[in-house]
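User: Please take a close look at the nonpolar core of this model. Then follow the salt bridges and the surface around the same parts of the chain.

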Amino acid sequence: MPQYLFSPPPAMSLGIRGSDTRFPINRPFFVGRNYHAHAVEMGRPVDKSVERPFYFTKAPQTLTASGATVAYPPETSNYHFEMEMVVAIGKAGFRVKAEDAHSVIYGYAAGLDMTRRDLQLVARDKGRPWDLGKDVEQSSVCSEIVPMQGVVIDSGAIALELNGQTKQSSNVDKLIWNVREIIADLSLFYHLQPGDLIYTGTPEGVGPVVAGDQITGRVAGVAEVALNIGAPE
Ligand code: MN
């Protein structure tokens, strides 16, 4: 055992439905604009015939279990919810062909990509990195992992309610780049590893939260996710 100067950070993990075993997290990846109606609401429509998907990452330490209460984060006045289907990778894969993409899938989850929208848009428009807008502490909210080895989800309702009122309602069949295409493209850049998560993008209807808000969301056939927004620190 190496002698550390201080205790290394704990491994991040998520529960697995129907199991006492936990799913250890390697890297959380996020797909940018991946539903047309959301791309339009962000003022950046996507032309799939000439564009490729793009990605950003968040530190594994941003992972937060569904049902948590998190403080409204600092240095923002426009903290947004984004409801997303999450793919959990269970096998290593590099340059995975789309037709083989199912082979690296362990399961799925329902997630929230919480975002300091004000800072993200400043960064976007100034050509700066997105970290302050996206890599927010406690911003990668995720349900338990639902094992579905080798299953490719191509359709299913995805929805989010804020304080019981529907804000996002779409279908995973509206993904611009589907699960197979994302795994194939992302694995051109990265050696995918067991424990990687891919947040597949949010449909339209994103919006702000305030302290006291309760978010509930779901991906039909997968899971529900919840988050409570607490007072700022
Ligand atoms: Mn997102």
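Analyst: In this predicted model, the largest nonpolar core has 49 residues. Those with the most contacts inside it are Tyr108, Leu112, Met114, Ile183, Val209 and Ile215. Several strands and one helix give two or more residues each to this core. The strands are E3 (28–31), E7 (79–81), E8 (83–89), E9 (105–113), E13 (157–162), E17 (214–219) and E18 (223–230). The helix is H4 (179–189).

Take Met114. Leaving aside residues up to four places away in sequence, Met114 touches Tyr79, His80 and Phe81, and also Val209, Ile215, Leu227 and Ile229. Lys58, Lys134, Ser139 and Val141 are among its contacts too. Apart from this core lies another, of 17 residues. Leu14, Ile16, Phe23 and Trp130 are among them. As a general point, nonpolar side chains in soluble globular proteins tend to be buried together.

Helix H4 also reaches the surface story. Leu188 lies in helix H4. Leu188, Phe189 and Tyr190 form a nonpolar patch on the surface. Together they have about 290 Å² of accessible area. Leu188 has 45% relative accessibility; partly exposed covers the range between 20% and 50%, so Leu188 falls in that class.

Now the charged pairs. The count comes to 12 salt bridges. Arg27 and Asp196 meet in one of them, at 3.0 Å from N to O. Arg27 sits in the loop between strand E2 (22–24) and E3, Asp196 in the loop between H4 and strand E15 (197–199). The two are 169 residues apart. Are these partners buried or exposed? Arg27 is partly exposed, with a relative accessible area of 26%. Asp196 is buried, at 0%.

Arg44 and Asp125 form another salt bridge, at 3.3 Å from N to O. Arg44 lies in the loop between helix H1 (36–41) and strand E4 (55–57), and Asp125 in helix H2 (residues 117–126), so the pair ties together parts that are 81 residues apart in sequence. Arg44 is partly exposed, at 34% relative accessibility.

Helix H4 comes back with Glu181. Lys48 forms a salt bridge with Glu181, and their closest N and O atoms are 3.1 Å apart. Lys48 lies in the loop between H1 and E4, Glu181 in helix H4, 133 residues apart. Lys48 is partly exposed, with a relative accessible area of 35%. Glu181 is partly exposed as well, at 29%. Finally, salt bridges that share partners join Lys58, Glu82, Asp113, Arg117 and Lys134 into one network. Of these, Lys58 and Lys134 are residues that Met114 touches.

Conventions
Residues are numbered from 1 along each chain as its sequence is written. This is a predicted model: local features need pLDDT of at least 70, side-chain atom pairs count only at pLDDT 80 or more; totals for chains, interfaces and linings use all residues. Side-chain values use heavy atoms; hydrogens and water are left out. A nonpolar core is a set of buried Ala, Val, Leu, Ile, Met, Phe, Trp, Tyr and Cys residues joined through side-chain atoms within 4.5 Å. Buried means under 20% relative accessible area, exposed over 50%, partly exposed in between (1.4 Å probe, protein chains only). Helices (H or I, at least four residues) and strands (E, at least two) are DSSP runs, numbered from the N terminus. Contact means heavy atoms within 4.5 Å. Patches are made of residues with over 30% relative accessible area and no salt bridge: like charges are joined within 9 Å, nonpolar side chains (Val, Leu, Ile, Met, Phe, Trp, Tyr) within 5 Å. Accessible areas come from the Shrake-Rupley method with a 1.4 Å probe; for residues, only the protein chains shown count as cover. A salt bridge is a side-chain nitrogen of Lys or Arg within 4 Å of a carboxyl oxygen of Asp or Glu.
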